[in-house]
Amino acid sequence: MEVNSEKENNSKLQTILKISIIICVIIAVLIIALLFYFMYKDSLLIRISIDGQTYKINEVASDENGNQYKDINGQTYTMGIINMLNDKKESIDKNIIAINSEGVVYFSIKTIAEIQGYTYTLGEKDEFTTHTDRCHVSCNGEDVSFLSESNEIYKYVFKPENERAQNEAEIMVEEYENYKLKDKVKLVNGELYATAETITKGFNSPIIASGKNIEIYSLKHLKSIYEPIISEAGYTLTSKYRNERSMIEGIAVVSKNNADSQYGVSFGICEAATGNNVTDMRYDSIEYLQSINKFVVSSNGKCGILEIKEENGKLVAKEAIQIKYDNISLLDAEKGLFIIKEVNLYGVINDEGKEIVPTEFSSIGISDITPYAQQGVTNQYLLFDKCIPVEINGIYSLYSLEGDRLIDNLAGYGCDNAETILSYAGNVLIIPEEAGFGFEGIVIKRASGNGKYGVISTNGTMKITAIYDSIYSVTRDNKTEYYAQRTGEQAKFLKDVINSF
């Protein structure tokens, strides 16, 4: 009996042991399964690295009220939330990305501005508004404007007061820049977002995306990486903000002491990551034109344009425009036009060096476009992207992009006396085709006939004879009407004047 009892006990112990082992295996399997599950879930999270510091992004499909995130066109988005510390070291959540239904990632302009140390303000530069569909961000080097549903951004690049006047080589540098990009800025639930390309250009902040991992680098961080490398190569990294921006392309403008130079220093271009020369250190000055990714260089008092290309895995410099002009500056990036100066006279060439406007004028462009800012005029050198105003001895002419002189013997362009007619009237320089006149019009002022105003089309055809004392606009309920008026007569609708001409 005792033997049987012992066998039964051993059998029970073995059963318990087996069950325990099975339970342990099941628990281990569950733990491993849970571990893999959480690893899998973690792998699905987007990670954003900002200057080397990594953050996990939580994705949400609706706001705290259960409303979907949508842009003004009704497209839905999933929002990516980042948890960061504010100035008081308090943990706060911020929207940093918005992902549309097609998987395109947009970045919050406001959050990126805060991360990069930019000042974020509603409205475009010098505009005061509470509208959320446009904003501008600024740092100590530039001011950048973004507008909802636009694929263009606008930059104003500041010029330091202590910068040598034209670098003693009379180089003109671009201070206003515009960039046409692939994707439009989006207004999602009252906040502006832009794709990586737009953020990279707007903030000079490269974004590298690989699957769920996104890396963002500020210009300041790039400088901290590249500066020791360039110093080791025996050069000094540029201190000009407009030149620092070339680092987002992996290129650096550098200088080196040179006793033989009239300025005691010479400039060149090198690879930012290696310090290897791309050009010789032989230039008196270099200015980076970010909007076309080229460089204005001067040597022995003459200026030209360099571009950097890759050949056989190596960066090389090519003369895009020969170094032979007294002065050269960018007129329009998209059309590849440049203003040149020779013997105190100005002209226009294209990016192949072909003459568009002969070098025989005192100035190119309209001297002051401020009175027409409300019309959206931003480029003083190009009207309707078609016509180039020029001037010599106070007499204006107009050239086409093909080099044809469209009209001459003018006292100027635009009528800026609107407020003397009506306090709420607007000055007029251009009349867009949307006005319904069937053409794009430019207001001109005749040099003869007591300086009366008229209108020509962009092909130089006179549409309204220059007999009027004022041409102005009035906007009511978002509709703009244009008027022409002669002294002592009642104002007429411009469309009626055109019809009777």
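Residues 24 or more positions apart account for 44% of the contacts in the protein chain with a separation of 6 or more. The model is predicted. Its protein chain holds seven helices and 38 strands. Of the 501 residues, 46% count as buried. The accessible surface of the chain comes to about 26,000 Å². Carbon and sulfur atoms contribute 47% of that surface.

The nonpolar interior was examined next. In soluble globular proteins, nonpolar side chains tend to be buried together. The largest nonpolar core in this model has 46 residues. Ile-48, Ile-109, Phe-146 and Phe-203 touch the most other members. Helix H4 (residues 219–232) supplies the largest share of this core, with four residues. A second core is separate and has 18 residues. Among them are Leu-383, Tyr-396, Tyr-413 and Ile-456.

The surroundings of Ile-48 were listed without its neighbours within four places in sequence. Ile-48 is then in contact with Gln-53, Thr-54, Tyr-55 and Ile-57. Its contacts also include Ile-96 and Ile-97, together with Ile-214 and Ile-216. Ile-109, another of the residues that touch the most other core members, belongs to helix H2 (residues 109–116). Ile-109 is buried in that helix, as are Thr-111, Ile-112, Ala-113 and Gln-116. Gly-117 follows H2 and has a positive phi, near 80 degrees.

Aromatic contacts form a further theme. The structure holds 11 aromatic pairs. One of these joins Phe-437 and Tyr-482 in an edge-to-face arrangement. The ring centres are 6.1 Å apart, and the planes meet at 70 degrees. An angle over 60 degrees counts as edge-to-face, so the 70 degrees of this pair places it in that class. Phe-437 lies in the loop between strand E32 (430–431) and strand E33 (441–446), whereas Tyr-482 lies in strand E37 (residues 479–485). The pair therefore ties together parts that are 45 residues apart in sequence. Both partners fall under the 20% limit for burial. Phe-437 is buried, with a relative accessible area of 16%. For Tyr-482, also buried, the value is 8%.

Ring pairs also link Tyr-118, Phe-146 and Phe-203 into a cluster. Phe-146 and Phe-203 appear again among the residues that touch the most other members of the largest core. Lysine side chains meet rings at two further sites. The charged end of Lys-463 sits over the ring of Phe-439, 5.1 Å from its centre. Lys-495 lies over the face of Phe-493, at 5.4 Å from the ring centre.

Strand E28 (residues 387–392) illustrates the strand pairing. Five of its six residues are buried, which leaves E28 mostly covered. E28 pairs with strand E27 (residues 363–364) in the antiparallel sense, over two bridges. Here Ile-364 has Val-390 of E28 as its bridge partner. E28 also pairs with strand E29 (residues 395–400), again antiparallel, over six bridges. Glu-391 stands opposite Tyr-396 in E29. Tyr-396 is also one of the residues of the second core. E28 and E29 form a hairpin with two residues between them. In the turn, Asn-393 has a positive phi of about 55 degrees.

Conventions. Residues numbered from 1 in each chain as written. Heavy atoms only, no water. Phe/Tyr/Trp six-rings, centres within 6.5 Å; stacked < 30°, edge-to-face > 60°. Buried < 20%, exposed > 50% of the residue type's maximum accessible area, 1.4 Å probe, protein only. Lys NZ or Arg CZ within 6 Å of the ring centre and 35° of its normal. Core = buried A, V, L, I, M, F, W, Y, C linked by side-chain atoms within 4.5 Å. Contact = heavy atoms within 4.5 Å. Pairing = 2+ DSSP bridges. Areas by Shrake-Rupley, 256 points an atom, 1.4 Å probe, with all protein chains shown as cover.
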